[in-house]
Structure formats: C-alpha cells, structure tokens
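These are my notebook entries on a structure that I had not examined before. I looked up strand pairing, ring pairs and charged pairs in turn.

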Amino acid sequence: MTLVKRVSSIKHTLKCRFVQSANVILRLPKRTMRLAVLVARAALPVGARRWGNRWLESPVGRARRYLAKGQTIDSFFATLNQREVRYVVLRWFETLPDVATHEDIDLLVADEDLSRIEDLFGTDDQAQTFDVYSASGVSGSTYLGMPYYPPELAHNILDSRCWYRDRFAIPDRQHHFLSLAYHLLFHKGSLSADHDYICALQGLCPAGQLDALNDFDALYAYLDSVGWVPELDTQRKLARRSGYLRKRLTTSETLESPGDMMIFIVRDWASHKDRLTRIVEMLRSVPLEVMHLWVFEEQARTLAKQAIRGGNWGRGPYTTSGGDPYAMIVCFDYHPQPPDGQMLEDFPYLGNAHYLVKQRIRDHLNQCVLTFRQANCLHSADDEQEAYRYLTAVYPDRVATVRHEVARRATYFDEPYPVQALLQTHRTRAKVEKIDFNGRLAIKKTFKYGNAAYLEREVLVHSRLSGCLQAIPPLLAHGDDYLILPWYEDELSRLNTAARHAKLREMGEQIVEILRFFYEQGYALIDFHPGNLLYCEEHGLKVFDFEFLYRYPRIPAHFDLAFDIKGVPTDFDGDLPSGHRGKGRTYRNTWQPVIGPLNRYASVEAPPR
C-alpha cells in the first residue's frame, strides 16, 4: 500500500477534533509526509513490528547485547569505570575478566547511564554476551517486559555496590545474597546444572539464616520477611519462566466471596486528555458500581508506581507511554462473568471477564488519536486477590473500609427464599428473581447497595397506592434492600411485537388511566413504557417498575402538561434513567406509536377526582 493510501485510510478512522489535524497532514507535500512517517518510526524501539493499532517489540535485542568488535572484557569495564557508569555485575563474577564459554555477563545499570554504554556493544552474536538490565525497566533492558528487579530493590543494589579486584563493581555481600536468591526463585524457578546456587547462597547467607535454604518455600518466606518478594501481579508474569512460581500460584488460595471487588488504574495520558469521566461512564455501563475514585497524591502515586505493573510504566506494545499512575478506581461487580477458555489462554490469572472492558476503553479513547500517539491509558488487576494487593500497597489504611463496604454489598446475594429463576433484566440497580414465598410464587426484587431511594419509591407505590388502582400489584413483603410482589403469568411476553401492540391498543384506555392516576396523585412515572406492563387473563393489566417515580413540587395545571405526557423540563431535579436525552419519554414518542393519539381516550378529559 502506498504512503498516500495509508494516510488516507488513517483519515477515515479519525474522529472528533483530530480530523482537522489529519486534513492538515493530508495537504502536506508528499516528501514532507514521508519524512513525518520516518520520524514516527524512529521513535519506535529497535526491532518493532506493526500489529493492528499497536507496535510490538521483538524479544530479540531487549536485554541481550554483544561486545563490540575491538573490545575486550578488561577494556569494556575500564571504559565503564572511566565514564563513571553506575552498574554492578550481578553474579558469577569471581573469575572475571575470564568468562567460561557460552557464559553471559549480567549487568544492572542505572537508567540514566544506559545510553552511555550502547556504543560498547555490537551485532556479532559470536562475541561475548551480556544481558543488560536497567534499574527501572527502560525499553530495551527489561525481563519479560518488566524491570529485572523491582525498581526500589534495584536502586538499593546499585547504591550499596562495592568493588571486586578494584575494577569490577558488584553487589555488597547482603545484596549479593538477596539478588541471587531472588534470581533463583523468581527468574529460574528451579535448580540448574550451570551453577551451584545452593553452595553460593550458603557462602553468602546471613548468620543464623541457613534454614532459609532448606527448600524454595523457606527461601520465599525469608525473602518475604525482608521485603524482597515482588507484588502478586509481577509474580504472575514471572511465573511464565519460573516453575516454582507457577506451582505456588496455582496452589495458592483464591478469595471466595459473592460479587467481585475490582481495581482499575488510570494513567496520566487519560487525565491529560480529560478522559477520566468517560472511563467512569464506560465502567458503569458494564455495569460496575464505582465505589471510589481516588486521584493519587504524591506519596500514593510513588507507591503505585513502585508496586504495580512491576514498576514498569513504559509504553509496552503501544507507540506512546500512557504515563505514570494517576488515579485508582475501586469498583464492585455484582454479576462477575467467568472468563472463557480463550481469555484464560491470553490472561491465565483472569478472574472476571468484565476486567477486559479495559481493552474496549483503551480502543475507544485511542480512536480519535493518530496511531503514533496512541497509548495504554488504563491498567487493572486480574482478579480480586490482586486488587486487594494493589489497595494494600498504595492505601493500606483504606483496606478495612473497602472490605467492610464489600461485605455490605454481599447482602445482595442473600437468599432467604428458594429461588426458582433469575429473570433477565439489565440489573443496573437490582436483580429480579422468581421465588417460592411461603408456598406461593412471587417476584423478589433486590437492590444493590446505594440504591435505597429507588427501593423506597417502589415500596411507596406498592404499599400505599395499590389499593387505589387495580393495575398496581400489592406489596407482599419488603426488607432493607428488597421487596416481594405477587407472580403473574404474563401473556404479553408470549406475543410477537405486532400482536403485543395490538393487545395493548385494546387496553389503551386503561394505560391512559394509569398515567392520569399518578398525575392526580401528584406523581410522574418518568420512565413509563410498554415494557412496564404485563397482562394476566385472571388478574388483568398490571404495571410495575416505579424506580424513577417523581413527586411534583407543584402539580402541572393540566393532565396534558404532565411530565409523562410532555416530557421532563430542562430544570428537572429528579433521577433519570441511563441514556436519557432531551425531554426523555413523552406520550408522543413512547405511547402514541403503540396505542394511538392521546385525545382518543376519555380519561384525558375526565374530571378531577
């Protein structure tokens, strides 16, 4: 595909304010456009390739380096020392400058010094091999896309380095032991024949701690006690190579609780582009309840940056970094979705398929951005266990509060009555079940935590007004978060759309009577539509769902001015359903297509009661 065609195809995908920018680009001379593409490519990592709207780094060339032609190991380290590069040789340095055949040299280098040593490496893969890791996981110096050690620990290694034979910087004794033990557990995951790790660790082990070398579990416990165990999300990534971690994480206990506490991390890119509000809206559309949104202060931001994503907040497979962590969103999912086989193949520790909404959010926010400016703007935990680890790492003083809030929401799952069926609804605010209520069939509507106002409106109508209008079902029982109504066999649900509308037209007078009744009682239904009706041969027409009931501060002078007829005014101060636009539901746009004009019915001109 030619360059002009490629740019033209990009233009067709651009939206919002970036369309004008794309048009400017398309008017540039062809030579200028070619130069712009070359500059964009130059910003990509070496060996990157295109996949969809992301650039993927080739695994070759990340940490692996080869000594440049004309260099020797002695001259290499002499140059590092002359340039005052902050580095350490991590292990197996005892024979330097001699290195066994096929043995590589592992270096940890300060981020700011990484670019200062690149000229010492070449492309001859037969030369001495180095694995070069930066302290914070700079692109091209990572392990599995992450820092080799958690950045804070890596900086500790560099800060406490000492000298071997006065010319090779190495970890001091304490950090030599810790970094080697970390490498064995989390990178290797098993003993290997290339080196005697146990013997080396025994020689470095702190006094009185030899029991830590009894087995891998004992060594893990010791590293954990001294703060040298990475966060859970990092361990899960390292488990791709570490057999010990794979076994440990597979057999670890998972949290068993109804519902799912979820955490999403918004990155700077989204805040800079004023997308935080849109992210929250899309999370709620899943639907998830957004319990908290905390914008990080300096201390929390530092903790999040160190503890989450293995400390690596680079660009990953995108062309632009999403930036550092900006905010934490704590959600509760009342209806977690188990991941399918393909999801688990891609994300082995995924506990809830709804976490993948982050991919949809990323794509949505990137759709108006030129490809070479797209970024990963949203990160998340993989399951509730990992979510609590994030919370503990950043806000340890808020963990108990969140656990208490989750426990309160768990009452939503209490089932004091035998459930016959879970009915299909949007479940935005409540779930609806068919139950056995003291020997009779009934409907139980249970509201999620924080939706008491909607429940109160339902209870008010069914308890106080059902005796005044036969179409309102009576209230059988209610509690702090639920109400119970009689069960009716709905004949309308068995009909196709045309037949259903025909049946409703037969009952048009009763439907208008319902609207007028609530008007005369001083209320508007706000969200009254055909889906709120059912018809039972034995009991007649029934109306339900009064969550958005609104009491007029001043009743409109005439019925045809009621909010259910004319729509809500611009200064309406009540609750509105999701997706409400303009005046919302009016008689003209909701009922007239089904039962005909309003003036057809006698209830319109009926005298006040």
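**Entry 1: the strands around β15**

I began with Val-419 and found that its bridge partner in β15 is Ile-435. The model I am reading is a predicted one. Val-419 led me to the pairing of strand β14 (residues 419-422) with β15, which is antiparallel and has three bridges. I then followed Ile-435 to the next strand, where its bridge partner in β16 is Ala-442. Strand β16 (residues 440-447) runs antiparallel to β15, and eight bridges join the two.

I next looked at the turn. β15 and β16 form a hairpin with two residues between them. Asn-438, in that turn, has a positive phi of about 55°.

Is strand β15 enclosed by the rest of the structure, or open? I noted that seven of the eight residues of β15 (residues 430-437) are buried, so the strand is largely enclosed.

As background, I recorded that strands of a sheet pair through backbone hydrogen bonds, either parallel or antiparallel.

**Entry 2: a five-stranded sheet**

I then turned to an open sheet of five strands, whose order is β4-β5-β7-β3-β6 and whose pairing is mixed. Which are its edge strands? They are β4 (87-89) and β6 (121-122), each of which pairs on one side only.

At the β4 edge, I found three bridges to strand β5 (residues 105-109), in the antiparallel sense. Here Val-88 stands opposite Leu-108 in β5. Helix α5 (residues 151-159) lies across β4 and β5, and I noted that it runs at about 100° to β5.

**Entry 3: salt bridges**

How many salt bridges does a search of the whole structure find? I recorded 27. I looked up three of them individually.

The pair of Glu-112 and Arg-86 has its closest N and O atoms 3.7 Å apart. Glu-112 lies in the loop between β5 and β6, and Arg-86 in the loop between α4 (73-82) and β4, so this pair ties together parts that are 26 residues apart in sequence. With a relative accessible area of 25%, Arg-86 is partly exposed.

Arg-409 forms a salt bridge with Glu-289, and the closest N and O atoms are 2.7 Å apart. I placed Arg-409 in helix α17 (residues 399-409) and Glu-289 in strand β11 (residues 289-295); the pair therefore ties together parts that are 120 residues apart in sequence. Both Arg-409 and Glu-289 are buried.

For Arg-457 and Asp-575, the closest N and O atoms of the salt bridge are 2.6 Å apart. Arg-457 belongs to helix α18 (residues 452-465) and Asp-575 to the loop between α21 (563-566) and α22, so the parts tied together are 118 residues apart in sequence. Is each partner buried or partly exposed? Arg-457 counts as buried because its relative accessibility is 18%, under the 20% limit. Asp-575, at 31%, counts as partly exposed.

I also noted a network of salt bridges that links Arg-429, Lys-445, Glu-458, Asp-545 and Glu-547.

**Entry 4: charges over rings**

Arg-457 appeared again in this search, lying over the face of Tyr-454 at 5.1 Å from the ring centre. I found another such case in Arg-161, whose charged end sits over the ring of Tyr-87, 5.9 Å from its centre.

**Entry 5: aromatic pairs**

I recorded 38 aromatic pairs in the structure. How are the rings of Phe-332 and Tyr-334 arranged? Their centres are 4.9 Å apart and their planes stand at 80°, so I entered the pair as edge-to-face. Phe-332 is buried, at 0% relative accessibility, and Tyr-334 is buried too, with a relative accessible area of 2%.

Phe-528 and Trp-591 form a tilted pair, 4.9 Å centre to centre, with 40° between the planes. Phe-528 lies in the loop between β19 (523-524) and β20 (533-536), and Trp-591 in helix α22 (residues 587-595), so the pair ties together parts that are 63 residues apart in sequence. I noted Phe-528 as buried at 5% relative accessible area, and Trp-591 as buried at 1%.

I closed with a cluster joined by ring pairs, which includes Tyr-133, Tyr-182, Phe-216 and Trp-228.

Methods. Residues are numbered from 1 along each chain as its sequence is written. This is a predicted model: local features need pLDDT of at least 70, side-chain atom pairs count only at pLDDT 80 or more; totals for chains, interfaces and linings use all residues. Side-chain values use heavy atoms; hydrogens and water are left out. Rings of Phe, Tyr and Trp (its six-membered ring) pair if their centres lie within 6.5 Å; planes under 30 degrees apart count as stacked, over 60 as edge-to-face and the rest as tilted. Buried means under 20% relative accessible area, exposed over 50%, partly exposed in between (1.4 Å probe, protein chains only). Helices (H or I, at least four residues) and strands (E, at least two) are DSSP runs, numbered from the N terminus. A charge sits over a ring if NZ of Lys or CZ of Arg is within 6 Å of the ring centre and within 35 degrees of the ring normal. Two strands pair if DSSP finds at least two bridges between them. Contact means heavy atoms within 4.5 Å. Axes are lines fitted to C-alpha atoms, for helices over the stretch in contact, and angles run from 0 to 180 degrees between N-to-C directions. A salt bridge is a side-chain nitrogen of Lys or Arg within 4 Å of a carboxyl oxygen of Asp or Glu.
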